[in-house]
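Thanks for coming. I have one structure to go through today, and I will keep to what can be read from it.

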Amino acid sequence: MVDAAVFQSIAPCSQELPQMMAAAADGLGSIALDTTQLNMSVTDPTAWATAMNNLGMVPVGLPGQQLVSDSICVPGFDPGLNMMTGITPINPMIPGLGLVPPPPPTEVAVVKEIIHCKSCTLFPQNPNLPPPSTRERPPGCKTVFVGGLPENATEEIIQEVFEQCGDITAIRKSKKNFCHIRFAEEFMVDKAIYLSGYRMRLGSSTDKKDSGRLHVDFAQARDDFYEWECKQRMRAREERHRRKLEEDRLRPPSPPAIMHYSEHEAALLAEKLKDDSKFSEAITVLLSWIERGEVNRRSANQFYSMVQSANSHVRRLMNEKATHEQEMEEAKENFKNALTGILTQFEQIVAVFNASTRQKAWDHFSKAQRKNIDIWRKHSEELRNAQSEQLMGIRREEEMEMSDDENCDSPTKKMRVDESVDRGHILEIRASEGESLPPLLSLEAQTKAAALAAQAYALKEENDSLRWQLDAYRNEVELLKQEKEQLFRTEENLTKDQQLQFLQQTMQGMQQQLLAIQEELNNKKSELEQAKEEQSHTQALLKVLQEQLKGTKDLVETNGHSHEDANEINVLTVALVNQDRENNSEKRIQGLKSEKEALLIGIISTFLHVHPFGANIEYLWSYMQQLDSKISANEIEMLLMRLPRMFKQEFTGVGATLEKRWKLCAFEGIKTT
């Protein structure tokens with residue numbers, strides 16, 4: 001049994017249902033449903049309830065109620081079909097399938113329908129009223145303002161109504177009767193705007209707090225504008241990147257980098273200019289250097305030699321051009337010969353066809369054969385004529401080229417003009433001088449005069465060209481003389497420089513020898529002074545000892561000591577003399593001052609022991625610096641000079657090859673002893 005409240009709620013809408021059913025039927029035309037089979041009465045409540053049950057919807061007034069048009073109520077429809085077959089339920093907001101039809105064209109009046117939800121019902125406004133106004137749509141709008149909500153409307157009911165338009169990301173409901181809804185995409189806002197003007201009623205209540213007229217409008221949100229700006233910036237970046245790639249693709253390749261001028265690079269460039277394969281690259285570099293202003297007094301000769309190398313390629317290029325022209329002439333001649341051979345063969349073929357058309361042979365051919373022979377003959381004659389015309393055209397071109405060359409060689413026009421000018425000038429001079437003008441010359445005399453004038457003009461031009469050539473040769477000879485003088489001067493300078501270097505080396509060698517001799521002389525002087533000091537010291541010591549001996553002898557004689565006491569005194573004096581000698585030798589050797597010097601002497605002795613022919617001070621210093629980076633060559637040399645019994649200095653070589661070496665001589669003293 002169907003509840004009576006269903007019929008009461010449907011009865012006020014029975015007048016608008018036929019129009020809505022027709023619109024829904026038009027919207028569902030794409031589903032390919034046959035509307036001729038749907039013969040149910042729309043105003044029949046029983047049929048309406050049956051259609052709702054077919055769609056799996058409970059009658060009006062119960063939770064989850066939905067109201068659909070009669071055009072989609074199919075008899076015998078199983079509501080559980082979607083669960084068994086996996087078919088998704090129909091989204092009422094999809095254009096053409098749901099309860100919200102697609103936006104019609106502007107010239108067609110919008111027909112809105114009743115929308116039923118689980119918790120509320122949406123009734124369209126009067127179609128005679130003007131459509132609700134909206135503000136200008138902000139860029140990237142995803143948020144709508146919904147006003148006129150019922151006072152008892154909750155956030156769940158609002159989400160139930162508007163989630164059919166699309167995915168909702170946020171709902172901000174105010175305490176008053178409005179809210180803001182933000183969707184996931186921009187096109188969902190258009191579906192939400194379609195609900196503007198609908199009257200919303202919660203359930204079947206007639207309370208004023210449970211109803212309200214919806215006003216849906218575009219809202220301006222910072223988040224939407226920020227996302228829109230980000231998208232615009234991303235598109236602008238993509239467009240800039242695309243344009244840059246396109247510009248890079250269309251940009252011509254950069255020319256190769258040209259090196260800066262230097263003497264080394266100029267020498268390399270001169271070698272490249274001489275090479276035929278690298279000439280084009282080298283001439284570009286030379287042009288750039290000259291345009292940059294690299295030519296000056298110092299580099300003028302080098303640039304002149306490079307320009308001269310570039311000029312030497314003119315003859316090569318002319319030879320190449322001549323060879324190419326010769327090849328072209330040979331190719332033309334070969335083509336003409338081949339064309340002549342082809343033409344002779346065409347003539348023979350045509351002669352064969354003409355012989356075949358004569359009476360003796362023609363009568364023996366069938367009709368079809370005659371027809372084919374006639375067609376072949378005509379085709380061969382056409383080709384023969386075309387080839388002959390081409391050959392004649394080639395010969396005409398050759399004749400025209402020969403005539404052009406003759407015209408270029410003979411300056412007849414210039415001679416005639418000069419002849420007329422000269423003759424008129426002579427006549428004017430004679431008339432000005434009061435002479436009577438001669439009668440007009442005959443035609444033969446005029447031609448002879450013209451020929452003589454032409455010869456004179458030709459000789460004059462030839463004379464001028466020879467004079468210019470002579471000037472050019474003179475300039476070249478002068479340049480060659482200058483180059484030869486410069487080369488001679490450079491050779492003389494080189495020889496002088498070499499002599500100076502040799503003299504400087506010899507002077508350095510003599511200075512080194514002089515320094516070595518001075519050092520040796522100083523060493524000898526120091527040794528001589530030490531020997532003199534030792535001698536004076538020993539003499540003084542002997543005098544003291546002699547005096548002591550005399551005193552002791554006197555004491556012995558007076559006191560009468562024994563002979564053994566005198567021997568002890570002699571032994572004591574000898575020991576004192578030996579001790580004094582050792583002290584003098586130690587003073588002369590000047591013993592080592594620190595442990596570092598002893599270590600250096602040990603290392604140097606080992607190094608010189610493995611070098612029996614000696615080593616110079618630089619070699620020894622380089623070896624010692626690996627062990628002690630702070631040591632100097634002067635310090636090593638002073639240490640070696642302080643120990644003459646262990647190390648000795650020798651000179652090898654003559655002149656510039658003079659070299660001073662140190663050797664280990666400590667073991668030589670042991671051998672001699």
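I will start with the overall make-up, then go through salt bridges, the coiled-coil annotation, cysteines, and a few local spots.

First, a caution: this is a predicted model. Every value I quote is computed from it.

The protein has 673 residues, and 23% of them are buried. In secondary structure, there are 19 helices and 10 strands. The accessible surface comes to about 48,200 Å², with 56% of that belonging to carbon and sulfur atoms. On contacts, take the pairs of residues at least 6 apart in sequence: 62% of those contacts join residues at least 24 apart.

Now the charged pairs. Side chains of opposite charge can pair when their charged atoms come close. How many salt bridges does the structure hold? The count is 25. I will take three pairs and one network.

The first pair is Arg377 with Asp374, where the closest N and O atoms are 2.8 Å apart. Both residues sit in helix H12, which covers residues 367-409, and they are three residues apart, about one turn of the helix. An α-helix has 3.6 residues a turn, so residues three or four places apart point the same way. Is Arg377 buried or exposed? Arg377 is buried, at a relative accessible area of 18%, under the 20% cut-off. Its partner Asp374 is partly exposed, at 26%.

The second pair is Asp464 and Arg467, with 2.9 Å between the closest N and O atoms. These two are also three residues apart, about one turn, and both belong to helix H14, residues 443-559. Asp464 has 22% relative accessibility and counts as partly exposed. Arg467 is partly exposed as well, with a relative accessible area of 40%.

The third pair is Glu519 with Lys660, and here the closest N and O atoms are 3.4 Å apart. What does this pair tie together? Glu519 lies in helix H14 and Lys660 in strand E10, residues 659-664, so the salt bridge ties together parts that are 141 residues apart in sequence. Glu519 is partly exposed, with a relative accessible area of 26%, and Lys660 is partly exposed at 24%.

The network is made of four residues: Lys142, Arg182, Asp224 and Glu227 are linked by salt bridges.

Staying with Lys660 for a moment, there is a loop residue that touches it. Asn616 makes contact with Glu659, Lys660 and Arg661, leaving aside residues up to four places away in sequence. Asn616 is in the loop between helix H16, 595-609, and helix H17, 617-627. With a relative accessible area of 18%, Asn616 is buried.

Next, the annotation. From UniProt, in an unreviewed entry, we have the feature "coiled-coil region" at residues 307-341 and 456-548. For residues 307-341, the model gives 100% helix and 0% strand, and the end C-alpha atoms of that span lie 51 Å apart.

Val307 also turns up on the surface. Together with Ile290 and Val295, Val307 makes a nonpolar surface patch of about 220 Å². Ile290 is in helix H9, residues 279-292, and its relative accessibility of 38% makes it partly exposed.

Now the cysteines. A disulfide is a covalent bond between the sulfur atoms of two cysteines. How many disulfides does the model have? The count comes to zero. Why does Cys117 not form one? Its sulfur is 4.3 Å from the closest cysteine sulfur, in Cys120, and that is too far for a bond; the cut-off is 2.5 Å. Cys117 is buried, at 6% relative accessibility. Cys665 is buried too, with a relative accessible area of 9%.

Last, a helix with several buried residues. In helix H6, residues 187-194, the buried ones are Met188, Val189, Ala192, Ile193 and Tyr194. What covers them? The cover includes strand E3 (143-147), helix H5 (155-162), strand E5 (178-183) and strand E8 (215-218).

If you take one item back to the bench, take the Glu519 and Lys660 salt bridge, between helix H14 and strand E10. That is what I have; questions are welcome.

Note on methods:
Residues are numbered from 1 along each chain as its sequence is written. This is a predicted model: local features need pLDDT of at least 70, side-chain atom pairs count only at pLDDT 80 or more; totals for chains, interfaces and linings use all residues. Side-chain values use heavy atoms; hydrogens and water are left out. Patches are made of residues with over 30% relative accessible area and no salt bridge: like charges are joined within 9 Å, nonpolar side chains (Val, Leu, Ile, Met, Phe, Trp, Tyr) within 5 Å. Accessible areas come from the Shrake-Rupley method with a 1.4 Å probe; for residues, only the protein chains shown count as cover. A salt bridge is a side-chain nitrogen of Lys or Arg within 4 Å of a carboxyl oxygen of Asp or Glu. Helices (H or I, at least four residues) and strands (E, at least two) are DSSP runs, numbered from the N terminus. Buried means under 20% relative accessible area, exposed over 50%, partly exposed in between (1.4 Å probe, protein chains only). Contact means heavy atoms within 4.5 Å. UniProt positions are given in the numbering used here, feature names are shortened, and annotations may be inferred rather than shown by experiment.
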